[in-house]
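Colleague: I would like to look closely at a single part of this chain, and a student in the first year will be reading along. Could you pick one residue, start from its surroundings, and work outwards slowly, explaining each term as it comes up?

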Amino acid sequence: MIRHVSLFIGLAILAPSARAAEKTTFDDHVAPILRNHCLNCHNADKKKAGLDASTYGALMAGGTSGKAVAPEDPAGSLLWRLVNHLEEPAMPPKTGKLPETELTVLKKWIEGGLLENSGSKAAPSSKPKLDLAIKGGAFGKPEGPPPMPTGDMLLEPVVHAPRPGAVAAIAASPWAPLIAVAGQKQVLFYNSSSLQLEAVLPFPDGFPYVLRFSRSGQLLLAAGGVGGKAGKAVIYSVATGRKIAEVGDEFDAVTAVDISPDQTRVALGGPSKSVRIYSIATGELIHSIKKHTEWITSIAYAPDGVLLASADRNGGVHLWEAETGAAYSELRSSNPRHITALAWRPDANAVATAGEDGQIRLWEVENSSRLLNIAGHPEGVQAISFAEDGRIVSIGRDRVAKLWDSAGALQKTFEALPDVGLAVAISFDGTRAFGGDFSGQVFAWNTSDGKRAGLLDANPPPLAARIQSAAKRLDETRTAALAASVSLTNALKEASKLAGELENTKTRLVHAEALLKAADLASKGIAEPLLQSAAIRKAAKDQETSTGSNVLSETSQALTALESAAVRALSLSQTAFTNSRVQVGLAESRAQAANQALTAAREQSSSTSAALMAASKDLAKWKSAEFHLQVRAASEALAVKETLLAGAITQAEAAESRRKEAASLLESARKELQASPNLIESKEQSLKDAQGALAMTQSVIGMLKTQLADRMSEAGAKASQVTAASNSFAKAESLLKTLRSAAADSLAGSSNALQSAAKAEVAVVADPSMTSLQAALEKARASATNALISLEAANKAVQDVEALHAREKQQLAQAEAQSASAVQNVAAARDALSRQEAAVKTAETAVASATEAVQRSRQREKELVEGIPNLELKAATASKSAEAAKVDREKIEAETIPLRIRHEQLAAEHQKMKHAGL
């Protein structure tokens, strides 16, 4: 059956292989871009933001903000977001975005896996590769129509060997009439109802030893490899046949594999003796379980996804928690032997195992107990599979496939295969079982009667052979159809002729019947006269009269003559009627035979027409498949050429950019050289101006130094005056302290004398008779008077010294102010001198700078004179390169156009062919 689907699916499949021809690498493409735009700030010596972009390793290490680039993920790469101005700070700073051609290179490099050079392997992506997860429960049948191949999938075998190889695996879709058969470096899809080949899925990584459909039926998992070298598991889309994921990187072939019901994980095993569980989204190893002691032969997820079962060649059978990888239980048999296969019952409550001991064991999962034993194949069981209704189909070394009911009772034993049976499966509806053997034969049996329904070819011939065979069969059926058409025409003619004859004989029979009826009526009409004649004869006899005798005689003669005529007419009519009836019978027999021959001819014609139509459709199918290969080849050639064209366009644009840049540099150099004399003259004038300014500043330096010396001398004199005034002030201040102390002492003595005099006077007043007191009073009064005089003298001396102290203080303040002013004058002189010295240095710098500018201008003029020929040569070379790149681009464009037209023609023709085939 030819299927409708957009051709873009095929192109999408082919695109990666076309792009693989051109690698974008760090060394060849990215490093020059980074060197031109990034290394001023991000190099080994100056790691701005901690990032060094000068080498591949340094760039991969990242900076203070983390990784700079993420393989296959531009949006997740900080470098891309910054240079594309999608995030701040935009890079390079203070400039516009990079040219689109350079941005395209960076993006292609990131998407290509960050290749260092052409010999590097792409870095694994840090983002999820794909999301195949089924949200919610995945236990029952999914909604919608069952998945079937719907695309323009390959029908050309990858390998056609002289003889088929052993059929290691067969799998049946859980919801669709689809069977997968393992071939040599390929997987074959067959329709389980029509037994027609639906698709060929390439498996280039070796031999597929295990096939599993996902619980949803959307995916096919194939695993295998090359023994002792490599192994992996590949996930295909059932609808498109496209390979959508790979997991595992084993050092030996994978011999056991399954995909979780929610399509998030793949578990595999083999000679490594380890159960490895991978994430489909990221390809990362999630769990590695090391428990088995021998090669792992079978792995299967429970239909509800809760548990995972694995078995090995030592008879070990283990159950694991699917989510965590933790051990759940072990299924132990009394006589462990090599386990060849295990399968879960659809309700997920029981798991069946089979092995070389010939037994099929059904285990109850919750208690790890055995439910039943089936003595399936005494020489050893090789494979088992559950039907959705709980029946089990098995096959073994005895070459026989068997069907068991859910209780373990044998229902059917199918026709034996030519060799040891290796693989078995039962269709989604349980109506057919399929078995494959060591010789490469695949039988299909009806489960209803156990009879063989047909064969599946595990080594299908190439399309060319199929087309040749179909064309031969079409010619044969066309010849047979032509012969059948001639036979039908002849039969129609003969039947028509005999039908006419039958109608004629029937007409004659009708006439004979009419005559017979007339004769019969005539004979009936004579009967009464005959009776009357008999009565007359009797009466005449009784009367014995001559008249009566004569009358009787005449009447009798007449009646006898009439009777004879009637009898003869009746006899003739009866004979004619009988002959007509015989002729009608013969005509009917010949007509019936002709009709039977016509029916047979029609059936033969219909059969040959159907065979002709089937042969035509078959031939159309294989021709369409072969044509599809041409379309794919044209698509691939076009994709390669378009990739080359894109590269040529990029190169032409880059060459044109280089040409423009070289022309611009040459024009700039010529303009610069033309302006050089004026520039040099300007620079020399600037030098003269700087030299004049230097001379002027230098001439002021001596004057400023003299002025500074004078002001320093004046400041020294003023400092001496301050010192003298300070000394005088100190002396006055010391004398004032002394006098104040003496005045205080005098004041105290005067106070004491006055107090003594007052006391004496009080005593005298109290006792005037005391003469001694009178003398003491006088003496006290004299002392008090003297004390007052001394106090007045002391106070006057203090006043005089205080006036002197004030004058000295004023003189000291004046001297200090004059000294401070002198110091300021010195500082001002020094500042002026410093400024002038700085001005001299500035002038000297200006002179040096002007001198250097003149030298640079002259050197630049010399470089321009010497460099312009080289720039002219580079511009000419760049122009030639741009022209050559343009020619290459136009050439590739011209080569691309017929390829594009050819591809469009082939695609349109293929669509017509598919419609015609349908």
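**Leu456 and its surroundings**

Modeller: Leaving aside residues up to four places away in sequence, Leu456 touches Ile179, Val181, Tyr190, Leu195, Phe434 and Val442, where a contact means heavy atoms within 4.5 Å. Before going further, please keep in mind that this is a predicted model, in which local features need pLDDT of at least 70 and side-chain atom pairs count only at pLDDT 80 or more, while totals for chains, interfaces and linings use all residues. Residues are numbered from 1 along each chain as its sequence is written, and side-chain values use heavy atoms, with hydrogens and water left out.

Leu456 belongs to the largest nonpolar core, which has 25 residues, and those with the most contacts inside this core are Ile170, Val181, Leu197, Phe434, Val442, Leu456 and Trp622. Such a core is a set of buried Ala, Val, Leu, Ile, Met, Phe, Trp, Tyr and Cys residues joined through side-chain atoms within 4.5 Å; buried means under 20% relative accessible area, exposed over 50%, and partly exposed in between, for a 1.4 Å probe and protein chains only. At least two residues of this core come from each of strand S2 (178-183), strand S3 (186-191), strand S4 (197-202), strand S25 (421-426), strand S27 (441-446), helix H6 (463-543) and helix H7 (546-766). Helices (H or I, at least four residues) and strands (E, at least two) are DSSP runs, numbered from the N terminus. Another core, of 24 residues, lies apart from this one, with Ala31, Cys38, Leu39 and Val105 among its members.

Let us turn to the strands around Leu456. There is an open sheet of 4 strands, which follow each other in the order S25-S26-S27-S28 with antiparallel pairing, and two strands pair if DSSP finds at least two bridges between them. S25 and strand S28 (452-457) stand at the edges with a single partner strand each, so one side of each has no neighbour in the sheet. Inside the sheet, strand S26 (residues 432-437) runs antiparallel to S27 and is joined to S27 by 5 bridges, and Arg432 stands opposite Asn446 in S27.

Earlier in the numbering there is a run of paired strands that is worth following step by step. Strand S21 (residues 381-386) is joined by 5 bridges to S22, with the two running antiparallel, and Ala383 has Ile395 of S22 as its bridge partner. The two strands S21 and S22 form a hairpin with 5 residues between them, and in the turn Gly390 has a positive phi of about 95 degrees.

S22 itself is mostly covered, since 5 of its 5 residues are buried: Ile392, Ser394 and Gly396 lie on one side and Val393 and Ile395 on the other, so that both faces are covered. From strand S22 (residues 392-396), 4 bridges lead to S23, again in an antiparallel arrangement; Ser394 stands opposite Lys402, and Ile392 stands opposite Trp404. S22 and S23 make a hairpin as well, with 4 residues between them, and here the turn residue Arg399 has a positive phi of about 75 degrees.

In strand S23 (residues 401-404), Ala401 and Leu403 point one way while Lys402 and Trp404 point the other way, and all of them are buried. S23 is joined by 3 bridges to strand S24 (residues 410-413), which runs antiparallel to S23, and Trp404 stands opposite Leu410 of S24. The hairpin of S23 and S24 has 5 residues between the strands, with Gly408 in the turn at a positive phi of about 95 degrees.

Finally, here is the wider setting. The chain has 8 helices and 28 strands, and 42% of its 918 residues count as buried. Among contacts in the chain with a separation of 6 or more, 59% are between residues 24 or more positions apart. Its average pLDDT, the predictor's confidence in each residue on a scale from 0 to 100, is 82, and 87% of the residues score at least 70. Over residues 1-21, however, pLDDT stays under 50, and the model has 41 contacts beyond four places in sequence for this stretch.
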